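I opened the file to make a few notes at the bench. The entries below follow the order in which I looked things up.

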Amino acid sequence: MLLYRVPGPTCFQDLRRVGGRVMETYLAACIAYGIVDNDQEVDSVIEEAANIAFGPAVCEVFANMLIFILRGNHVQFWERHKYVLCEDFMRAAGVNEPNGRIVSEVLLELRDKFERHGFSLSKSFGLPEPEPVHIQSRISRVIEHETGHNIGELEAHIAQTECLLNDEQRVVIDKVMTSVEHGHGCMVAIDASGGTGKTFILSHILNRVRAKGKVALSTAASGIAATLLPKGVTFHSRTKCPLILTDESTCTISENDTTAALIRMTSIMVVDEVSMMDRRALEAADRTFQWLRGSEEPFGGITMVFSGDWRQILTVVPHGSHIDIVGRCFKSSYLWKKK
Ligand SMILES: Nc1ncnc2c1ncn2[C@@H]1O[C@H](COP(=O)(O)OP(=O)(O)OP(=O)(O)O)[C@@H](O)[C@H]1O
């Protein structure tokens, strides 16, 4: 709303500037401009969101309200909208009233969103923390998703692709499997032209590691690339890597959350289309994994497989020169010098 009203803002503070005075909140700026009448408008945003979106998306709107708009009255705001936030989770669980588990599910959802921006449920907003028993059950579900594979199906798939592999593909797979089996924590990069079988190799490796009962995380730089990998998700979603990066960034994973538990159990992580990624995202993951796993090895000793084609799209650096773009690519990361 403010972007429509404020001409030529160059920073977020400009959006809150009304007649030379910087208002404390975006809501106060909206009220001063007469765009919204009062706090009730904020309530109606949540109600409107609940009519057109589902659970996690409504939680996203609620979290953004707390982070960017509301100043104070967070607990009352939570109490007023708790039921609406729980509705979708209640439907999924087949219950009519929000119970402890449902409320904890919503709080966990909100906690993830707050942590992405460096906030916490209780310290920043005074909201209750999810009950430990429900945190544990969520951890078990996520871990079950990453470990509960149909071994028979995996083995059949491995047998089918094993005989198709060419010599070059076998060299890469052997190197990676040796690292996983002996816990070497190697960093392996596959750089080859489009259509030469990079994703094919990654899928084969993932299947082989999973068939051995180990945790193999499959990620890619983009959502589309992630759909081509078995149980693939985006790198940002799996590692909770921030969107705005600096050379000191870390991922917003807290010591006791679900992702932390999963990272500690992980033997291998693959990252497809790495050529499109900002090296600082991978360096943030490196720092975070080292801390979570208490190891100074790159990525805390997890075997990492990076795949990409540097002849295709590279990292986007707005208004950047060739030197800036090359400097942001993962090829320029200090991580390669360490290993
Ligand atoms: N050894 C192989 N035997 C049979 N088919 C293969 C082999 N290696 C790759 N393929 C097939 O080749 C096609 C292209 O492979 P793939 O998608 O893995 O390439 P890619 O290098 O990841 O491409 P891009 O860079 O465009 O993502 C796929 O259909 C894959 O199944």
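How many bridges join β6 to β7, and in which sense do these strands run? I counted four bridges, and the two strands run parallel. I note here that the model is a predicted one.

**Entry 1, the sheet.** I followed the pairing outward from there. The open sheet has five strands, in the order β3-β7-β6-β4-β5, with parallel pairing. Its edge strands are β3 (187-191) and β5 (233-234), each of which pairs on one side only. As a reminder to myself, strands of a sheet pair through backbone hydrogen bonds, either parallel or antiparallel.

I then went through the pairs. Strand β7 covers residues 303-308 and is joined to β3 by five bridges, again parallel. Within that pair, I found Ala189 bridged to Phe306 in β7. Between β6 and β7, the partner of Val270 is Val305 in β7. On the β4 side, strand β4 (residues 215-220) pairs with β6 over six bridges in the parallel sense. There, Ala220 has Asp272 of β6 as its bridge partner.

I also checked the cover on β6. This strand spans residues 266-272, and seven of its seven residues are buried.

**Entry 2, the ligand.** Which residues are closest to the ligand? I listed Leu164, Gly195, Lys198, Thr199 and Phe200 as the closest, out of 13 residues that surround the ligand. I sorted the shell by type and got three nonpolar, eight polar and two charged residues. Helix α12 (residues 198-211) gives the largest share of the shell, with three residues.

Next I looked up the polar atoms. A polar side-chain atom of Lys198 is 2.7 Å from an oxygen atom of the ligand. A polar backbone atom of Phe200 is 2.9 Å from an oxygen atom of the ligand. At Leu164, a polar backbone atom lies 2.9 Å from a nitrogen atom of the ligand. The ligand on its own has 630 Å² of accessible area, and the protein covers 60% of that.

**Entry 3, Asp88.** I placed Asp88 in helix α6 (residues 74-93). Setting aside neighbours within four places in sequence, I found Asp88 in contact with Phe54 and Gly55. With Gly55 there is a polar pair: a polar atom of the Asp88 side chain is 3.0 Å from the backbone nitrogen of Gly55. I also took the distance from Asp88 to His322, which is 48 Å from C-alpha to C-alpha, with the two positions 234 residues apart in sequence numbering.

**Entry 4, Glu105.** Is Glu105 buried or exposed? Glu105 has a relative accessibility of 11%, under the 20% cut-off, so I entered it as buried. Glu105 sits in helix α7 (residues 100-116). When residues up to four places away in sequence are not counted, Glu105 touches Phe89 and Arg141.

**Entry 5, two lysines with positive phi.** I looked for positive phi values in residues other than glycine and wrote down two lysines. Lys231 has phi near 55°, and Lys240 has phi of about 55°. Lys231 lies in the loop between α13 (223-227) and β5. Lys240 lies in the loop between α14 (235-239) and α15 (258-265).

Which accessibility class does Lys231 fall in? Its relative accessible area is 31%, which lies between the 20% and 50% cut-offs, so Lys231 is partly exposed. For Lys240 the relative accessible area is 12%, under 20%, and therefore I put Lys240 down as buried.

**Entry 6, the whole chain.** I left the totals for last. The chain has 18 helices and seven strands. Of its 339 residues, 47% are buried. The C-alpha atoms fill a box of roughly 70 × 55 × 35 Å along the principal axes. I noted an accessible surface of about 17100 Å², with 55% of it belonging to carbon and sulfur atoms. Taking contacts between residues at least 6 apart in sequence, 65% join residues at least 24 apart.

Methods:
Residues numbered from 1 in each chain as written. Predicted model: local features only at pLDDT ≥ 70, side-chain atom pairs only at ≥ 80, totals over all residues. Heavy atoms only, no water. Near = heavy atom within 4 Å. Polar contact = N/O pair within 3.5 Å; in protein donor to acceptor, adjacent residues only side chain to side chain. Areas by Shrake-Rupley, 256 points an atom, 1.4 Å probe, with all protein chains shown as cover. Nonpolar A, V, L, I, M, F, W, Y, C, P; charged D, E, K, R; others polar. Buried < 20%, exposed > 50% of the residue type's maximum accessible area, 1.4 Å probe, protein only. Contact = heavy atoms within 4.5 Å. Pairing = 2+ DSSP bridges.
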